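Here is a short briefing on a single-chain model with a ligand. The topics are aromatic pairs, the ligand site, salt bridges and one strand residue.

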Amino acid sequence: MIAAMTNAERPAPEHDPTNEMDAWRHTGRQAVDWIADYLEGIEARRVQSDRSPGEVRAMLPNFAPETPDSIESVWRDMDEIIVPGLMNWQSPTFFGYFPANNSPPSILGEFLSAGLGVQGMLWSTSPACTELESLVLDWLVELMGLPATFRTDQVGGGVIQDSASSATLCAMIAARDRASQGQARTEGTRQPLVVYASSDAHSSVDKAAMICGIGSQNVRHMAVNSLRQMDLSVLQSQLESDLAAGRIPTMVVATIGTTATGAIDDVRAIADLCQQHDIWLHVDAAMMGAAAICPEFRWVHEGVDRCDSYCFNPHKWLLVNFDCDCFYVRDRKWLTRSLSINPEYLRNEATDSGQVIDYRDWQIPLGRRFRALKLWFVLRLYGAKHLREMVTDHCAMAEQLAEWIRCNPSLVLDGRQLNLLTFRHVDGDDASAALLQRMNDAGRVFLTHAKVADRFILRACVGQRTTSGRHLETLRSELQSAIESAG
Ligand code: PLP
């Protein structure tokens, strides 16, 4: 259902047009209505935009206006130009990539964060920004059964990063400096440092190595076993051969929920090897870490108590809008030794006292937004029970879909891990690719693909805030008609 009245048509209440805040009270309320209408009506829209390259830009002027445009004309452009040019990521029939689910409480938190406009780089630049962030990250340690050493009142601690990619980069910088005893930090990476991850690990591992000077050639992608977990015997022999060649094994990145299939590495066994060779172990649990909020899925974190750093994204599967990655370290000194820098203009008494956290020392940029607000709003206004129920429901829906695929003679189910399932057409890669294209072009649902063992597979990830049985039914019928229309 699309809204009956657009913002451009809503009459403005009486206000003093010369008072900016007075005028903004009206447009601010309009914005809330606009977002609510968009989210309520999203099901009636195509999931994937059908705009061609350059089409959106061609509808907009080439130069910025010299004098103010009216808000009515902005709303009109939002409705007529911007929204049709979007992938509607919040659609209940979006089953692609991974969810990026948001929610009304999270949007409120984001809105207030923009309104407050604070920079939380130092404790002293907004004590509440730092202390709320530490608090909600400690709440999550408890809610998700993470190791107590990750608590900010212990030697470790948590910080909100913009993304899992940034978390991996920060962890790799700390690992680099620990392995090189600080030399890489001051002199650059002259030593042959090596990073290990499975062949299915996220590309952000390679990117981090490119950025931090280790180099993508020094990332070893380990073969995977039949469960698509990092093969430990391959890891062991690769470590031995690198050591024998005088290289320095620096970091292993284990994945809890690989992007393609949701495979979960054997973190405990990897931790044994890391401990034996004094290697930093980082765990990337971008989407599937969120499952640990349910006690029945807490097994996903098996072995995480042995890692040096860990991250997961509430901005994927915990109703917090992008960006919000929770990054934890077992011992914060490695992170802060690598990332702190203290120019005179930022010096202050609280920092000098050593009693406060300055989160600029836990991340790449200096400035930082008040991201904790949206996480806090979600946790307070939904409560943990609601989040658990959502995760359980998504996994149950994924299983229903898996069962339907198992029974469909045209499809082969490759597997299901929690909320993610992978499948293909019985007739092979071309048929699978054509099936995906037909469904996505029709616009009623959206799925993505991956290449696994050189085979083209489809992925369906169930994780939207509003997805229900009805939307699963839409997916089933779209799949069936795409199969039938191929003849
Ligand atoms: N790690 C894994 C396993 C992922 O699936 C993804 C996203 O797909 C990422 C990392 C990157 O996440 P972000 O966008 O937060 O950097």
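Rings of Phe, Tyr and Trp, the last taken by its six-membered ring, count as a pair if their centres lie within 6.5 Å. By this rule, the model holds 15 aromatic pairs. The model is predicted. The ligand in it has 90% of its area buried by the protein, out of 400 Å² exposed when taken alone.

**Aromatic pairs**

- Trp89 and Phe98 form one aromatic pair, with 5.9 Å from centre to centre. Their planes stand at 45°, and the pair is tilted.
- Planes under 30 degrees apart would count as stacked and those over 60 as edge-to-face, so an angle between these limits gives a tilted pair.
- Trp89 is partly exposed, at 27% relative accessible area. Phe98 is also partly exposed, at 26%.
- Tyr97 and Phe446 make a tilted pair because their planes meet at 45°. Their ring centres are 5.9 Å apart.
- Tyr97 sits in the loop between helix 3 (71–82) and helix 4. Phe446 sits in the loop between helix 15 (429–442) and strand 10 (448–452). The pair therefore ties together parts that are 349 residues apart in sequence.
- The two partners differ in burial: Tyr97 is partly exposed at 37%, whereas Phe446 is buried at 3%.
- Why does Phe446 count as buried? Its relative accessibility is 3%, and buried means under 20%, so Phe446 falls in that class.
- Ring pairs join Trp89, Phe94, Tyr97, Phe98 and Phe446 into a cluster.

**Ligand site**

- Which residues surround the ligand? The shell consists of Phe98, Ser163, Ala164, Ser165, His202, Gly257, Thr259, Asp284, Ala286, Asn313, His315 and Lys316.
- Phe98 thus has two roles in this account: it belongs to the ring cluster, and it belongs to the ligand shell.
- By class, the shell residues are 3 nonpolar, 7 polar and 2 charged.
- Ser165 places a polar side-chain atom 2.6 Å from a ligand oxygen.
- Ala164 makes its approach through the backbone: an N or O atom there lies 2.8 Å from an oxygen atom of the ligand.
- His315 has a side-chain N or O atom 3.3 Å from an oxygen atom of the ligand.
- Two or more shell residues come from each of helix 6 (164–179) and helix 11 (314–317).

**Salt bridges**

- How many salt bridges does the structure hold? The count is 33.
- Glu110 and Lys374 form one of them, with their closest N and O atoms 2.7 Å apart. Glu110 lies in helix 4 (residues 104–116) and Lys374 in helix 14 (residues 372–406). The pair links parts of the chain 264 residues apart.
- Glu110 and Lys374 are both buried.
- Arg220 and Asp242 meet in another salt bridge, at 3.0 Å from N to O. Arg220 is in strand 3 (residues 219–222), and Asp242 is in helix 9 (residues 232–244). They are 22 residues apart.
- Arg220 is buried at 16% relative accessible area, and Asp242 is buried at 1%. Both values fall under 20%, so both residues count as buried.
- Arg268 and Asp305 also form a salt bridge, at 3.6 Å from N to O. Arg268 is in helix 10 (residues 267–277). Asp305 is in the loop between strand 5 (280–284) and strand 6 (309–312). The two are 37 residues apart.
- Are Arg268 and Asp305 buried or partly exposed? Arg268 is partly exposed at 30%. Asp305 is partly exposed at 39%.
- Salt bridges with shared partners join Glu110, Asp323, Arg369, Arg371 and Lys374 into one network. The Glu110–Lys374 bridge brings together helix 4 and helix 14.

**Strand 6**

- Phe312 is found in strand 6.
- Phe312 is buried, with a relative accessible area of 0%.
- Where is Gly289 relative to Phe312? Their C-alpha atoms are separated by 5.5 Å, although the two residues are 23 residues apart along the chain.

Note on methods:
Residues are numbered from 1 along each chain as its sequence is written. This is a predicted model: local features need pLDDT of at least 70, side-chain atom pairs count only at pLDDT 80 or more; totals for chains, interfaces and linings use all residues. Side-chain values use heavy atoms; hydrogens and water are left out. A residue is near a molecule or strand if one of its heavy atoms lies within 4 Å of it. A polar contact is a pair of N or O atoms within 3.5 Å; within protein, one must be able to donate a hydrogen and the other to accept it, and residues adjacent in sequence count only if both atoms are side-chain atoms. Accessible areas come from the Shrake-Rupley method with a 1.4 Å probe; for residues, only the protein chains shown count as cover. Helices (H or I, at least four residues) and strands (E, at least two) are DSSP runs, numbered from the N terminus. Ala, Val, Leu, Ile, Met, Phe, Trp, Tyr, Cys and Pro count as nonpolar, Asp, Glu, Lys and Arg as charged, and the others, Gly among them, as polar. A salt bridge is a side-chain nitrogen of Lys or Arg within 4 Å of a carboxyl oxygen of Asp or Glu. Buried means under 20% relative accessible area, exposed over 50%, partly exposed in between (1.4 Å probe, protein chains only).
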